[in-house]
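Reader: I'm new to looking at protein models, and I'd like to zoom in on just one spot. Could you pick a single residue and walk me through its surroundings?

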Amino acid sequence: MTRDLVVPAASEGDDVSPVEVRLADVTADNWRDVVALEVEPEQRHLLASNVYSLAEASFTPAARPRAIYAGPRLVGFLMYEPGDTPEERHRVSIYRFMIDRRVQGRGYGRAALLKAIDEIRAMPGITTVSICYAADNPAKVLYESLGFVPVDRDEDGDVIADRPLEGAR
């Protein structure tokens, strides 16, 4: 079955306020639309595809794939997971994050990350959010502006940046 992607090409004046951004489960009703989201060609090397991420999530019970909506419009995808070792149980890692190329630069990424941080803050025992990104990812400016501080590199050489959670439960 072929379905139209929820994200239409942007046109002048049809922006939805970042205040209206929300996170939602990826479901049988929207997974095809999530898979159809795209980044710019020069950004493709920066992250795994959404289809790969959803396949990975199906075999990783703790993974939390989230569709990003601005009003009724699907605009992006992110995925996070709590740590699974005793040393990491206080930490949640955001390891997939993308905003569709047609709506980048409108504040949806910042709003979505803030929503994700709020969602994670509500998880008992979590005191730190980490995000992992390629060193040449221009979004690092966004991450740093939200309080993420580079602390390490992973096995692939990607930057791991942490943000403490104030007011965590």
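Author: Let's take Arg66 and work outwards from there to the sheet, the helices and the whole chain.

One thing up front: this is a predicted model. Its mean pLDDT is 88, and 87% of the residues reach 70 or more. Residues 1–13 have a pLDDT below 50, although the stretch does have 28 contacts in the model beyond near neighbours in sequence. Where pLDDT is low, the predicted coordinates should not be read in detail.

Now for our residue. Arg66 belongs to strand 2, which covers residues 64–70. Is Arg66 buried or exposed? Its relative accessible area is 5%, and buried means under 20%, so Arg66 counts as buried.

What does the Arg66 side chain reach? One partner is Asp25: the two side chains are joined by a polar contact of 2.5 Å. Another is the backbone oxygen of Ala24, which the side chain of Arg66 reaches at 3.5 Å. If you skip neighbours within four places in sequence, the contacts of Arg66 include Leu23, Val26, Phe77, Tyr80 and Glu119.

Asp25 turns up again when you look at the strands, with Arg66 in strand 2 as its bridge partner. Strands 1 and 2 run antiparallel, and 5 bridges join them.

Let's step back to the sheet. It is an open one with 7 strands, in the order 1-2-3-4-5-7-6, and the pairing is mixed. Strand 1 (21–25) and strand 6 (149–153) are the edge strands, each pairing on one side only. From one strand to the next, the twist averages 35°.

Helix 2 (residues 50–58) packs on this sheet, where it touches strand 2, strand 3 and strand 4, and its direction makes about 40° with that of strand 3. Then there's helix 3 (residues 108–121), lying across strands 1, 2, 3, 4, 5 and 7 and running at about 155° to strand 4.

Finally, the whole chain. You can count 4 helices and 7 strands, and from the N terminus on they run β-α-α-β-β-β-α-β-α-β-β. Of the 169 residues, 42% are buried. Among contacts between residues at least 6 apart in sequence, 66% join residues at least 24 apart. Arg66 and Asp25 give you one pair to look for on screen, with that polar contact of 2.5 Å between their side chains.

Definitions and conventions: Residues are numbered from 1 along each chain as its sequence is written. This is a predicted model: local features need pLDDT of at least 70, side-chain atom pairs count only at pLDDT 80 or more; totals for chains, interfaces and linings use all residues. Side-chain values use heavy atoms; hydrogens and water are left out. Helices (H or I, at least four residues) and strands (E, at least two) are DSSP runs, numbered from the N terminus. Buried means under 20% relative accessible area, exposed over 50%, partly exposed in between (1.4 Å probe, protein chains only). Contact means heavy atoms within 4.5 Å. A polar contact is a pair of N or O atoms within 3.5 Å; within protein, one must be able to donate a hydrogen and the other to accept it, and residues adjacent in sequence count only if both atoms are side-chain atoms. pLDDT is the predictor's confidence in each residue, from 0 to 100. Two strands pair if DSSP finds at least two bridges between them. Axes are lines fitted to C-alpha atoms, for helices over the stretch in contact, and angles run from 0 to 180 degrees between N-to-C directions.
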